[in-house]
Amino acid sequence: MVPRKAALALTPKARDIFKKIIAATGSEGIMLKYEISSQHSLRMAFKFDLVKDAEKEIGAQDEGVSLELLEDGVTPKLPSDSWNDNLPKLYIHHGAFMKVLGGTIDVELNSETGDLTPKLFNREGHEMEPND
C-alpha cells in the first residue's frame, strides 16, 4: 500500500543538505533512526545514517520520503509518484516512524565541528525531544 502523504515533511534547508550529502557521498539515501544516544547513556536520540545499498539496508517497514519537488519548485513529490522512482530518499526507519509521523524535519549544521543534527518538529511546530 502506498501512502497518500509523506510521513514527514522536510524544510527546504533539510532537503538541500540531504541532496548535497547524497551527491557528495554517492549514497542511495539517508536513513533517519531513533535509537540510544552514543553520547548520553540512557537517552534516546535521532540519528542519520547513509544508505549505501538500499536493497540490503532498507526494510519492508521503512518508509521513503522523496527529496524531489514538483515542477512548481515548492510542492514535494507525492509518495505515489516517488514510490518506485529509484531516486535517493530520506528513509524513515521503522523504529522511528511513529515518533516522527506527521512532523517536519530540519537540520542544524555546526560550522565548527561539521556535525549535522536533526531537528524534528511536531504538527504544532514545537521541537520534538527524543525522550518525550
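**From an exposed loop to a buried serine**

Asn86 counts as exposed, with a relative accessibility of 76%, which is over the 50% that the term requires. In this predicted model, Asn86 belongs to the loop that runs between helix H3 (79-82) and strand E5 (89-92), and its backbone is also worth inspecting, since the phi of Asn86 is positive, near 60 degrees, although the residue is not a glycine.

A positive phi also appears at Gly26, the residue that follows helix H1, where the angle is near 70 degrees. Helix H1 itself covers residues 12-25, and its 14 residues reach 20 Å from the first C-alpha to the last, close to the 20 Å expected at 1.5 Å a residue. Within H1, the buried residues include Ala14, Arg15, Ile17, Phe18 and Ile22. An α-helix has 3.6 residues a turn, so residues three or four places apart point the same way. With that periodicity in mind, the reader can follow Ala14, Ile17, Phe18 and Ile22 along the helix as buried positions.

Arg15, which is buried in H1, leads on to Ser66, because Arg15 is among the residues that Ser66 touches, that is, with heavy atoms within 4.5 Å. Ser66 is found in strand E4 (residues 63-66), and Ser66 is buried because its relative accessible area of 5% falls under the 20% cut-off. Leaving aside residues up to four places away in sequence, Ser66 also touches Leu10, Lys77, Ser82 and Lys89. Its side chain has a further partner in the backbone, for a polar atom of the Ser66 side chain lies 3.0 Å from the backbone nitrogen of Glu68.

Technical notes. Residues are numbered from 1 along each chain as its sequence is written. This is a predicted model: local features need pLDDT of at least 70, side-chain atom pairs count only at pLDDT 80 or more; totals for chains, interfaces and linings use all residues. Side-chain values use heavy atoms; hydrogens and water are left out. Helices (H or I, at least four residues) and strands (E, at least two) are DSSP runs, numbered from the N terminus. Buried means under 20% relative accessible area, exposed over 50%, partly exposed in between (1.4 Å probe, protein chains only). A polar contact is a pair of N or O atoms within 3.5 Å; within protein, one must be able to donate a hydrogen and the other to accept it, and residues adjacent in sequence count only if both atoms are side-chain atoms. The expected span of a helix is 1.5 Å times one less than its number of residues.
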